[in-house]
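Open the model in your viewer and keep the selection tool ready. The tour goes from one stop to the next, with something to select at each.

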Amino acid sequence: MHSSPLPSLPSLTTSAAFLALQDHCTEAKNWHLRDLFASAPTRFETMSMQAAGLFLDYSKNRLNQKTLQLLCNLARERQVEAKRDAMFAGEKINLTEHRAVLHTALRAPRNQAFVLDGQDINHDVHAVLDQIKAFSEKVRSGAWRGYSGKAITDIVNIGIGGSDLGPKMAHSALREFAHPNLNFHFVSNIDGHDVDATLAKVDPESTLFIIASKTFTTQDTMLNAHSTRNWFLRHADGDTSKLAQHFVAISSNQAEIQRFGIDPKNMFVFWDWVGGRYSVWSAIGLSIAIMIGFEAFSAFLAGAHAMDVHFQTAPLESNMPILLALIGLWNRNFLGYASLFVAPYHQDLRRLPAYLQQLEMESNGKSVANDGRQVNYPTCPILWGEAGSNNQHAYFQLLHQGGDIIPVDFIAVLKPSHHLPQHHTALLANCFAQSEAFMRGKNAQEVHDELQQQGVSEQEISKFLPHKIFAGNRPSNTLLMDALTPITLGALLALYEHKTMVQGVLWGINSFDQYGVELGKQLAKNIQMELEAQAHTERHDSSTNGLIARAKASLHTNTIK
Ligand code: F6P
């Protein structure tokens, strides 16, 4: 446990380990993955590992054992292990907001002490879990009734960002475990089309609304919550006493929940030491608990906890989140790859890339170091993705033959939950074939021989040959899990959380604030007032003024062209 702040470190690019990696990279840049595999027959065995029910193959990256050793030296030099321990020990590692980062406490077993400011918070965490258990069981069993006596049939989660993406992603990922008679909906967008379309589908007498917002001040969520409340009251004869059976709230801001008019008994609290994008394990997961039941929700937490234990105890060289983080840094800062593609080969994980986008990009999309200096190296890559095999028929062309090299994280599940074995072998075959194709490519000789075998003339071959070459040498990781269950999903999300934290430490930035989202919010307030006012004022640049004027002309004449 560290009771005093760790000494500040020199800039990343001046550290000895970084310079050694830079040196090593001048050589590594000339390697081809094909040759690395050819020269080391045990590459797969030595560059793969298992932890918390997940298997990681990182052998298809452009690195060798020396690279890994140098990367681990860098992790040591950047004090990754000490900073990890500081996070678990409840130190205020979110320096700009002066907050601890203790989402790991949310998935710790009962009675495992987690100390914050001298107090054990495990009791508070489990008190809320008990509340979630009792409430979710009432809704699932039909004991919780709407104002007219009907059982709940529909649950609408109203939240955005971390108060939406986790539950929404888990809703599709854990579809197989869902209660058969309950329907779930997610309203997030400030765009009225979102809430409007959802309310059109539900019956106010049998719908439960969960207002999920850490701050309870987020404009998008509060607008959606108020519009929903008004809609509900229109159907409930304006009787506010009926709200209690239909509205619950999850937040760290109890005062605001009360102001909204939600019965204090229907409040599920969490704390400022849980970041929004790390909050799926908190009461924000209430809709997940209702959907899959509390036992399965506990398994989801246990899966994440197993990854926490691995992260805390495994040596650097065989620590899955640390390795993933280091490989990502190698790709970003030495090989110069600016984006990361996440390809889940499981339809139910299709929302995972959006979840990981917030996790990684809101955490590490920063260019000012903890000491306030501008960093002189790239940080978080752009994360994007789509489920396989849809991705292959849309933009994999660019990943195979485009001018940019884009590393890929493949995620596959070995046992499907359907009974269509041929689909599953085809899916896995496509997943493995893609990583092989990215790695090997197809060289001129291979293209030539193939065309010749097909009887194509030499003249035609020389015309088309360049178009059919694949350079290969494109890196990827492959993560495998036996089955997609609450446990493995929990472990997978915790893996990426810790990878994100470690990369933040390596880059010397604070992964736990998000000031970058503030400016747009601030400007939108003024522009909204200008849009709503009758008089037209010109306070901005000519583009913004022009757009406001055009919108006003349309809004105030109420015509749709
Ligand atoms: O605007 C960004 C953000 O603050 C995210 O970090 C957060 O997950 C989201 O908005 C929602 O915030 P809240 O849960 O406070 O409504």
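What volume does the largest cavity have? In this predicted model, the largest cavity has a volume of about 140 Å³.

**Stop 1: the largest cavity**

Select Gly328, Asn331, Leu340, Pro407 and Lys499. Of the 17 residues that line the largest cavity, these five lie nearest its centre. Now colour the elements around the cavity: helix H13 (320-334), strand S10 (339-345), strand S12 (408-415), strand S13 (476-483) and helix H19 each supply at least two lining residues. H13 gives the most, with 5 residues. Sorted by class, the lining has 7 nonpolar, 7 polar and 3 charged residues.

**Stop 2: the strands beside it**

Stay with S12. Is this strand mostly covered or mostly open? S12 is mostly covered, with 6 of its 8 residues buried. On one pairing, S10 and S12 run parallel and are joined by 5 bridges. Select Ala343 and Phe410 to see one such pair: Phe410, in S12, is the bridge partner of Ala343. S12 also pairs with S13, again in the parallel sense, over 7 bridges. Here, select Val413, which stands opposite Met481 in S13.

**Stop 3: the nonpolar cores**

Next, select helix H19 (residues 486-507), which gives 12 residues to the largest nonpolar core, the most of any contributor. That core has 125 residues, and those with the most contacts inside it are Leu208, Trp273, Ile290 and Leu489. In soluble globular proteins, nonpolar side chains tend to be buried together.

Which residues does Leu489 touch, leaving out those up to four places away in sequence? Leu489 touches Met169, Ala170, Ala173, Leu174, Phe300, Leu349 and Leu484. A second core, separate from the largest, has 22 residues, including Ile158, Val187, Phe216 and Met222.

**Stop 4: Leu21**

Select Leu21 in helix H1 (residues 16-28). Is Leu21 buried or exposed? Leu21 counts as buried because its relative accessible area is 0%, and buried means under 20%. Show its neighbours: apart from residues up to four places away in sequence, Leu21 touches Thr67, Leu70, Leu71, Leu74, Trp330 and Phe334. Then draw a distance from Leu21 to Leu208. The two are 187 residues apart along the chain, and their C-alpha atoms are separated by 55 Å.

**Stop 5: the second largest cavity**

How many cavities of 30 Å³ or more are there? The count comes to 2. The second largest holds about 50 Å³ of space. To find this cavity, select its lining: Leu106, Val125, Val128, Leu129, Ile132, Val269, Trp271, Trp281, Ser282 and Ala283. Helix H6 (residues 122-141) provides the largest share of this lining, 4 residues. By class, the lining has 9 nonpolar residues, 1 polar and no charged.

**Stop 6: the largest pocket**

Last, look for an open space. The largest pocket has a volume of about 1000 Å³. It is lined by 40 residues, and Thr218, Gln514, Val517, Glu518 and Lys521 are the closest to its centre. Select helix H9 (219-235), helix H14 (352-364) and helix H20 (518-532), each of which supplies at least two residues of the pocket lining. Which helix gives the most? H20 does, with 6 residues. The lining of the largest pocket divides into 12 nonpolar, 18 polar and 10 charged residues.

Notes: Residues are numbered from 1 along each chain as its sequence is written. This is a predicted model: local features need pLDDT of at least 70, side-chain atom pairs count only at pLDDT 80 or more; totals for chains, interfaces and linings use all residues. Side-chain values use heavy atoms; hydrogens and water are left out. A nonpolar core is a set of buried Ala, Val, Leu, Ile, Met, Phe, Trp, Tyr and Cys residues joined through side-chain atoms within 4.5 Å. Buried means under 20% relative accessible area, exposed over 50%, partly exposed in between (1.4 Å probe, protein chains only). Contact means heavy atoms within 4.5 Å. On a 1 Å grid over the protein atoms alone, a cavity is a set of points where a 1.4 Å probe fits but cannot get out, and a pocket is an open set with protein on both sides within 12 Å along at least five of seven lines; lining residues have an atom within 4 Å of a point. Grid points are joined across faces, edges and corners, and a volume is the space filled by probe spheres set on the points. Ala, Val, Leu, Ile, Met, Phe, Trp, Tyr, Cys and Pro count as nonpolar, Asp, Glu, Lys and Arg as charged, and the others, Gly among them, as polar. Two strands pair if DSSP finds at least two bridges between them.
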